[in-house]
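Visitor: I am new here and would like a short tour. Could you take me through it step by step?

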Amino acid sequence: MLLPDSAVLSAAIDWLGHGLWDIAWWEIVLYTLVTTHITIVGVTVFLHRTQTHRAMDLGPIPSHFFRFWLWLGTGMVTKEWVAIHRKHHAKCETEEDPHSPQVKGIDEVMWRGAELYRKESKNKETMARYGHGTPDDWIERNLYSRFSWQGVGLMLVINLGLFGAAGAAVWAVQMLWIPFWAAGVVNGIGHFWGYRNFEAVDASRNISPIGIIIGGEELHNNHHTYPTSAKFSVKKYEFDIGWAYIILMQKIGWAKVKKLPPKMLMGDVRPVADEKTLEAVIANRYEVMAGYAREVRRTTRQELDLLKAKGADLSGLKAAKRWLHRDDDKVPAAARTHIVQARAEHPVLDKMVTMREELRQLWLNTSHSREQLASDLAAWCRRAEESGIAGLREFSTRLRAART
């Protein structure tokens with residue numbers, strides 16, 4: 001039996017131990033984090049904000065780069081990802097939602113989210129109905145879509161060549177990154193746990209106000225409220241790193257933002273709410289209701305302070321506090337009794353909850369004319385300012401100053 005030359009054997013062992021780059025362990029970790037972050041940026045900027053929601057346009061250089069990189073780093077097909085995500089928005093939190101933790105359970109989406117994607121990608125009706133407008137050029141048809149798994153295979157070869165045996169571990173992390181953070185954390189936790197800036201119609205949550213690890217996708221409630229916005233952060237304390245990259249690309253001509261979250265402007269207070277006020281309120285209804293929620297919470301705290309000063313029981317109102325500013329269909333059955341009790345014992349809160357629903361009807365009522373709705377808004381403001389409730393009066397005054 002012939003044994004390999006000692007020099008060749010030594011070189012092979014050295015390559016297995018160090019790879020071509022022969023770098024320190026922390027440099028390998030850094031490489032892994034950088035490459036997985038590029039993948040995250042590709043998903044949020046290219047697949048999500050550009051292809052799915054058309055919130056922005058990307059130039060040919062970043063578009064082709066992200067397509068190639070996502071082929072290497074994930075093997076995902078653009079049309080499949082886009083179609084599944086569009087269906088998620090169209091059928092959110094229903095039986096037809098491909099990955100709702102409210103329907104399928106948090107464990108199923110969190111740990112088997114990638115399997116749910118693969119299953120839905122085989123649904124021809126989903127692909128035909130929701131996959132329109134995605135790349136369909138020669139390289140897409142003959143490489144990226146046709147040989148999707150070969151991309152991740154090439155990434156494995158590259159990693160093994162650069163780092164030797166350690167490259168297999170690098171590749172494993174790269175392959176798990178999107179299934180865990182995007183398919184699991186965003187689609188799972190993002191509809192299960194976190195804070196809400198806005199009362200979106202679904203169960204979406206902001207996982208964290210700082211969006212770095214998942215490229216800004218942490219701000220999931222913001223995104224579901226304004227799905228066609230290229231920017232996910234809306235509050236001063238929120239940060240969307242994906243938006244930072246978009247700004248940089250826009251400065252060098254690689255990107256063009258098409259839509260941002262609406263911003264309600266404030267001017268002089270009108271004597272009476274009119275059609276212009278109505279237009280501003282409806283255009284910024286989520287922000288309006290978020291402001292109203294702040295007044296409800298502030299008034300609730302004042303009621304709790306009064307009870308505390310009297311030495312009365314606080315438990316009932318505390319139990320109802322987090323639900324008083326929510327839409328009725330979002331309130332769990334276990335909290336309804338506390339809300340009924342709180343409203344019966346606190347007329348101020350009862351009035352605020354009632355008027356919240358009346359305000360909400362301005363954009364839910366499709367049978368009234370524009371003139372009638374403007375008249376309804378003016379009447380609402382008048383009742384609010386005559387209610388004797390400071391929170392309502394101040395909110396109504398700000399509403400009369402709203403501009404588009």
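Visitor: How far apart are the end C-alpha atoms of residues 178-195?

Guide: Welcome! This is a predicted model, in which local features need pLDDT of at least 70 and side-chain atom pairs count only at pLDDT 80 or more, while totals for chains, interfaces and linings use all residues. Residues are numbered from 1 along each chain as its sequence is written, and side-chain values use heavy atoms, with hydrogens and water left out. Residues 178-195 are 61% helix and 0% strand (helices are DSSP runs of H or I of at least four residues, strands runs of E of at least two, numbered from the N terminus), and their end C-alpha atoms are apart by 23 Å.

Visitor: Which feature does UniProt place at residues 23-47, 151-172 and 178-195?

Guide: The first of these spans, residues 23-47, is 92% helix and 0% strand, with end C-alpha atoms 33 Å apart. The entry is unreviewed, and such annotations, given here in the numbering of this structure with shortened feature names, may be inferred rather than shown by experiment. The name that UniProt gives to these spans is "transmembrane region".

Visitor: And which domain annotation covers residues 25-228?

Guide: Over residues 25-228 the chain is 66% helix and 2% strand, and 41 Å lie between the end C-alpha atoms. The unreviewed UniProt entry labels this stretch "domain: Fatty acid desaturase".

Visitor: Which residue does E140 form a salt bridge with?

Guide: A salt bridge here is a side-chain nitrogen of Lys or Arg within 4 Å of a carboxyl oxygen of Asp or Glu, and the whole structure has 24 of them. In the one formed by E140, the closest N and O atoms are 3.1 Å apart. E140 sits in helix α8 (residues 138-144) and its partner in helix α3, so the pair ties together parts that are 73 residues apart in sequence. That partner is R67.

Visitor: Which residues does T74 touch, leaving out those up to four places away in sequence?

Guide: T74 is in the loop between α3 (60-73) and α4 (78-90). A polar atom of the T74 side chain lies 2.6 Å from the backbone oxygen of L70, and one lies 3.0 Å from the backbone nitrogen of M76. Contact means heavy atoms within 4.5 Å, and with that rule T74 touches T39, V152 and I178.

Visitor: What area is buried between domain 1 and domain 2?

Guide: The domain assignment, whose bounds come from an automatic or database source, gives domain 1 (6-257) and domain 2 (266-403). Their centres, taken over C-alpha atoms, are 39 Å apart, and 11 residues of domain 1 contact 8 residues of domain 2. Buried area is the accessible area (1.4 Å probe) that two parts lose on being put together, summed over both. Carbon and sulfur atoms give 45% of the total, which is about 790 Å².

Visitor: How many salt bridges does the rule find across the interface of domain 1 and domain 2?

Guide: K235 and E287 are joined through their side chains by a salt bridge, at 3.4 Å from N to O. Across the interface of the two domains, the number found is 2.

How values were computed:
Polar contact = N/O pair within 3.5 Å; in protein donor to acceptor, adjacent residues only side chain to side chain.
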